[in-house]
Amino acid sequence: FGTVKSFAYTGSDQQFTVPNDQGNITELRVFMWGAGGGPDESATAAAGAGGYCRGTIKRTDGGTMNGTTFTIVVGSGGVRGTGSSDMPAVYGGGGRGSRDGGGGHVSGTGGGLSGIFEGSNQIYGSSANPVSDCHTRIIICAGGGGGANDQSSGYAYGGAGGGLEGGRGGSQPSNNNKGGRGGRQQSGYSGSTSGNRVDGSKCRGGDGNTGQDNPGGGGGYYGGQSGSDDNSGAGGGSSYYGGNANYNVTDASTEIGGYGSGQSYSTGGSASQYWSADVGNSSRSSRGGDGKVVIVY
């Protein structure tokens, strides 16, 4: 484990091929951070920070991985709401932030997931929408944070990405039960939520409804719900470390990012030696921090 390979956000899929000139490589240690969500236009609410995931990838048959190619996704930070148009969904599955009917208020987008996928074929390409087999090819990922809603207080914050279930978005007033729920390890959401949300899906956060000033959900193994009814934050996407039919993940853990009604939040895993400043972070005033993937072999 003497070589460290880092991947930063580029806006499109990247690839990593295990080298053939460094002996037999049977394990890859991986560390990754999902992207932070985007804040609201008026800088009254912070989005959710991205999640963290780590583990060791091995082939299920115990063989070497020399010459094997993996697709690397490093999610885009969520975009802050601005102007008078919907904010587009971002690379890595962060959901769209929408404007209100008059175009005077715009919510932020969700942050994209970061992950490692089997093979060299497209996962996202350069778009926010994953291919249909993203779940069967995913090996390990870290969820992105949910976007924040454009409201007059800091309580419509985005939920954090990461963990086995992403964080729930806040709402104004805090007891109206309209914040978007975080993605889980399966489709659907825990608990009940009122309001007009849009559900996320596999590797994709929910888009805010056009004309309703709703923030987008964070990308993840399953994406978070959008916010709803012009007064609530979106949910964060979930992380995953279950591997697939050809690869196991051992010594694995995930950590949810920070979120709430404060000024700014740090991603999960910020104590790792491979974390770098602003990766996966969120704040009230700026675009969400991009994700990061590190492979050590």
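# A tour from Trp-33 outward

Select Trp-33 and Tyr-52 first: both residues are buried, a label given to residues with under 20% relative accessible area, while exposed stands for over 50% and partly exposed for the range in between (1.4 Å probe, protein chains only). The model on your screen is predicted, so local features need a pLDDT of at least 70 and side-chain atom pairs count only at pLDDT 80 or more, whereas totals for chains, interfaces and linings use all residues. Residues are numbered from 1 along each chain as its sequence is written, and side-chain values use heavy atoms, with hydrogens and water left out.

**Aromatic pairs**

Rings of Phe, Tyr and Trp (for Trp, its six-membered ring) pair if their centres lie within 6.5 Å, and planes under 30 degrees apart count as stacked, over 60 as edge-to-face and the rest as tilted. This rule gives 10 aromatic pairs. Trp-33 and Tyr-52 form a tilted pair, because their ring centres are 5.1 Å apart and their planes stand at 35°. The two residues link distant parts of the chain, 19 residues apart, with Trp-33 in strand β3 (residues 28-33) and Tyr-52 in strand β4 (residues 52-59); helices (H or I, at least four residues) and strands (E, at least two) are DSSP runs, numbered from the N terminus.

Go next to Tyr-221 and Tyr-222, whose ring centres are 5.5 Å apart and whose planes meet at 85°, so this pair is edge-to-face. Tyr-221 and Tyr-222 are both buried. Then select Phe-7, Phe-16 and Tyr-297, which together make up one aromatic cluster.

**Strand β3 and its partners**

Return to β3 and colour the whole strand: five of its six residues are buried, so β3 is largely enclosed by the rest of the structure. Two strands pair if DSSP finds at least two bridges between them, and β3 pairs with β4 in the antiparallel sense over six bridges. Strand β11 (residues 292-296) also runs antiparallel to β3, joined to it by five bridges. Trp-33 has a bridge partner in each of these strands, namely Tyr-52 in β4 and Lys-292 in β11.

**Charges over rings**

A charge sits over a ring if NZ of Lys or CZ of Arg is within 6 Å of the ring centre and within 35 degrees of the ring normal. Select Arg-29 with Phe-1, and you will find the charged end of Arg-29 over the ring of Phe-1, 3.6 Å from the ring centre. Lys-5 is placed over the face of Phe-7, at 5.6 Å from the centre of that ring.

**Salt bridges**

The structure has five salt bridges, each a side-chain nitrogen of Lys or Arg within 4 Å of a carboxyl oxygen of Asp or Glu. One of them joins Lys-58 to Glu-27, with the closest N and O atoms 3.3 Å apart. Because Lys-58 is in strand β4 and Glu-27 in the loop between β2 (14-17) and β3, this pair ties together parts that are 31 residues apart in sequence. Lys-58 is partly exposed at 29% relative accessibility, and Glu-27 is partly exposed at 24%.

Stay on β4 and select Arg-54, whose side chain meets that of Asp-251 in a salt bridge at 3.4 Å, N to O. Asp-251 belongs to strand β8 (residues 247-255) and Arg-54 to β4, so the pair ties together parts that are 197 residues apart in sequence. Arg-54 is partly exposed, with a relative accessible area of 23%, whereas Asp-251 counts as exposed at 52%.

Finish at Asp-290 and Arg-287, a salt bridge whose closest N and O atoms are 2.9 Å apart. Asp-290 is partly exposed at 22%, and Arg-287 is partly exposed at 39%.
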